[in-house]
Amino acid sequence: MIRKLLFLLALSFVWIEGAFAQIGEYRNVFSIGASAGYVLSDVGFDPTVSQSYHGGVIGGVALRYTCEKYFNTICSVYAEVNYASIGWKQDISKIDGSPVVNANGKNESFTRNINYIQIPLLAHLAWGKEQDGINFFVQAGPQVGIYLSDSAEKNYDTPNLGEDGRANTIVAQETMPIENKFDYGIAAGLGLEYSKSRLGHFLLEARYYYGLGDIYGNSKRDFFGKSNFNNIVIKAAWMFDVTKTKNSK
């Protein structure tokens with residue numbers, strides 16, 4: 001874990017240093033705003049746990065510093081501080097794909113909701129109009145998450161693992177508390193930005209996050225060898241310029 005975290009920090013320093021290296025046209029634009037969206041998540045368990053995507057909300061503060069324009073590329077550093085509701089939703093079925101029924105005659109269901117403060121720090125590269133127009137952007141970089149709380153939703157007392165029960169019999173994750181309260185990984189996204197004088201910047205983005213950390217221990221004596229997050233995020237943001245250069249076009 002320590003080696004992965006050090007690599008992640010070193011990578012972020014390289015991206016930031018590259019973003020601030022003045023090679024092209026100078027920019028000094030600092031923007032701030034808010035973002036909100038929807039996140040689909042699951043957990044990469046080993047042994048495998050059958051899942052469908054868990055749906056939750058994400059939103060918070062967005063910050064961006066634009067430092068230069070290199071030929072046609074607008075170079076920025078972009079960061080967010082978000083509240084995110086993520087987790088996993090189990091796909092509980094029999095070998096033939098039919099649902100498993102609980103003691104009350106209802107289909108068994110289990111969802112784990114885990115709340116985090118997520119902080120991505122991304123290199124942001126855009127092509128198109130800086131002001132009064134549309135640009136296309138890509139961004140990538142490290143992300144950390146700080147655990148806040150979690151809860152489980154299920155409609156059974158004891159999972160049905162009998163002869164006519166679940167095809168996937170891994171259930172340890174249903175009662176295990178979250179062990180690692182610090183999450184980290186790599187995020188990357190692409191999107192469109194529309195800018196208009198006096199109205200600010202409107203961004204629409206699709207982003208993917210791959211966790212490098214595990215929510216449970218992964219040593220030989222632990223039950224799971226891997227338990228990392230995968231997130232798909234669709235989000236919108238609005239930002240306004242606090243400072244700007246006169247040569248932005």
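How many bridges join E4 to E5, and do the two strands run parallel or antiparallel? The count is 15 bridges, and the strands run antiparallel. The model is a predicted one. A search of the whole structure returns five cavities of 30 Å³ or more, and the salt-bridge count is 11. The points below take strand E4 and its neighbours, then the charged pairs, then the enclosed space.

**Strand E4 and its partners**

- Strand E4 covers residues 73-90, and 15 of its 18 residues are buried.
- E3 is joined to E4 by 12 bridges in an antiparallel arrangement.
- Within that pairing, glycine 59 has tyrosine 83 of E4 as its bridge partner.
- E3 and E4 make up a hairpin with two residues between them. Phenylalanine 71, in the turn, has a positive phi of about 55 degrees.
- Strand E2 (residues 51-52) is also antiparallel to E4, with two bridges joining them. Glutamine 51 stands opposite glutamine 90 in E4.
- In the pairing of E4 with E5, glycine 87 stands opposite asparagine 113 of E5.

**Salt bridges between distant parts of the chain**

- Side chains of opposite charge can pair when their charged atoms come close.
- Glutamate 80 pairs with lysine 235, with 2.7 Å between the closest N and O atoms. Glutamate 80 lies in E4 and lysine 235 in strand E9 (residues 226-243), so this salt bridge links distant parts of the chain, 155 residues apart.
- Glutamate 80 counts as buried because its relative accessibility is 0%, under the 20% limit. Lysine 235, at 3% relative accessibility, counts as buried too.
- Glutamate 193 forms a salt bridge with arginine 64, and the closest N and O atoms are 2.8 Å apart. This pair also links distant parts of the chain: glutamate 193 is in strand E7 (residues 182-196) and arginine 64 is in strand E3, 129 residues apart.
- Glutamate 193 and arginine 64 are both buried.

**A salt-bridge network**

- Glu25, Arg27, Lys69 and Glu130 are linked in a network of salt bridges.
- Within this network, arginine 27 bridges to glutamate 25, with the closest N and O atoms 3.3 Å apart.
- Which of these two residues is buried, and which is partly exposed? Arginine 27 is buried, with a relative accessible area of 1%, whereas glutamate 25 is partly exposed at 40%. Glutamate 25 is classed as partly exposed because its value falls between the 20% and 50% limits.

**Largest cavity**

- Rolling a probe the size of a water molecule over the atoms shows where empty space is left.
- The largest cavity has a volume of about 120 Å³. Of the 14 residues lining this cavity, Arg64, Thr66, Ile74, Glu130 and His201 are the closest to its centre.
- Strand E3 (54-70) and strand E5 (110-128) are the elements that give two or more residues to the lining.
- The lining of the largest cavity divides into three nonpolar, six polar and five charged residues.
- Two of the residues closest to the centre recur among the charged pairs: Arg64 bonds to glutamate 193 in a salt bridge, and Glu130 belongs to the four-residue network.

**Second largest cavity**

- The second largest cavity holds about 60 Å³ of space.
- The residues lining it are Val49, Ser50, Gln90, Asp91, Ile92, Ser93, Arg166, Asn168 and Ile170.
- By class, this lining has three nonpolar, four polar and two charged residues.
- One of the lining residues, Gln90, is the residue of E4 that stands opposite glutamine 51.

How values were computed: Residues numbered from 1 in each chain as written. Predicted model: local features only at pLDDT ≥ 70, side-chain atom pairs only at ≥ 80, totals over all residues. Heavy atoms only, no water. 1 Å grid on protein atoms, 1.4 Å probe; cavity = no way out; pocket = protein on both sides within 12 Å on 5 of 7 lines; lining within 4 Å. Points joined across faces, edges and corners; volume = space filled by probe spheres on them. Helix = DSSP H or I, 4+ residues; strand = E, 2+ residues; numbered from the N terminus. Nonpolar A, V, L, I, M, F, W, Y, C, P; charged D, E, K, R; others polar. Salt bridge = Lys/Arg side-chain N within 4 Å of Asp/Glu carboxyl O. Buried < 20%, exposed > 50% of the residue type's maximum accessible area, 1.4 Å probe, protein only. Pairing = 2+ DSSP bridges.
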